[in-house]
Amino acid sequence: MLGRLNHVAIAVADAEKAAKIYGSAFGAEISATVPLPEHGVITVFATLPNTKIEFIQPLGADSPIAKFVERNPDGGIHHICYEVPDIIAARDNLIKEGARVLGDGQPKIGAHGKPVLFLHPKDFSGALVEIEQS
Ligand code: CO
């Protein structure tokens, strides 16, 4: 079952700088800046009442978002993240229905300490989808 929209991720060259206006102009709560070397990104979150905006910045030479930021120097929407109650059941069902799971198909621990997986944009109307166990 598809749960809440956990976050929308925006990839940028400088996550802290990008998040700043959400705090100063919108008064949103801005998280600390957290490097996630195993995902090749630096993250900053703006917390909204019903979801979060995740600013991601490339970390390291082989960051999976390095090319995206190169192509979109001003930044751009990178992925959307939905919560699912059971990530393994969700993954198996998605595969059964013909969706492609990126990587080795094994969930990794994401920015919130919970297992996540990414799904191929071609199977989701051109949008990169992340699922996170709720
Ligand atoms: Co994300």
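How many bridges join β8 and strand β9, and in which sense do the two pair? The model is predicted. In it, β8 and strand β9 (residues 129-133) pair over four bridges, in the antiparallel sense. One contact can be picked out by residue: Leu117 has Ile131 in β9 as its bridge partner.

Strand β8 (residues 115-119) also pairs with strand β7 (residues 108-109). The sense is again antiparallel, and there are two bridges. Here Lys108 has Val116 in β8 as its bridge partner. Five residues lie between the strands in this hairpin of β7 and β8. Gly113 takes a positive phi there, near 75°.

Now turn to the aromatic rings. The structure holds two aromatic pairs. In one, Tyr22 meets Phe26 edge-to-face, at 5.6 Å centre to centre with 70° between the planes. In the other, Tyr22 meets Phe55: the ring centres are 5.1 Å apart and the planes stand at 70°, so this pair is edge-to-face as well. Tyr22 belongs to helix α1 (residues 15-24) and Phe55 to strand β5 (residues 52-58), so the pair ties together parts 33 residues apart in sequence. Through these ring pairs, Tyr22, Phe26 and Phe55 are linked into a cluster.

How buried or exposed is each ring residue of the cluster? Phe55 is buried, with a relative accessible area of 2%. Tyr22 is partly exposed, at 22%. Phe26 counts as exposed because its relative accessibility is 67%, and the cut-off for exposed is over 50%.

Conventions:
Residues numbered from 1 in each chain as written. Predicted model: local features only at pLDDT ≥ 70, side-chain atom pairs only at ≥ 80, totals over all residues. Heavy atoms only, no water. Phe/Tyr/Trp six-rings, centres within 6.5 Å; stacked < 30°, edge-to-face > 60°. Buried < 20%, exposed > 50% of the residue type's maximum accessible area, 1.4 Å probe, protein only. Pairing = 2+ DSSP bridges.
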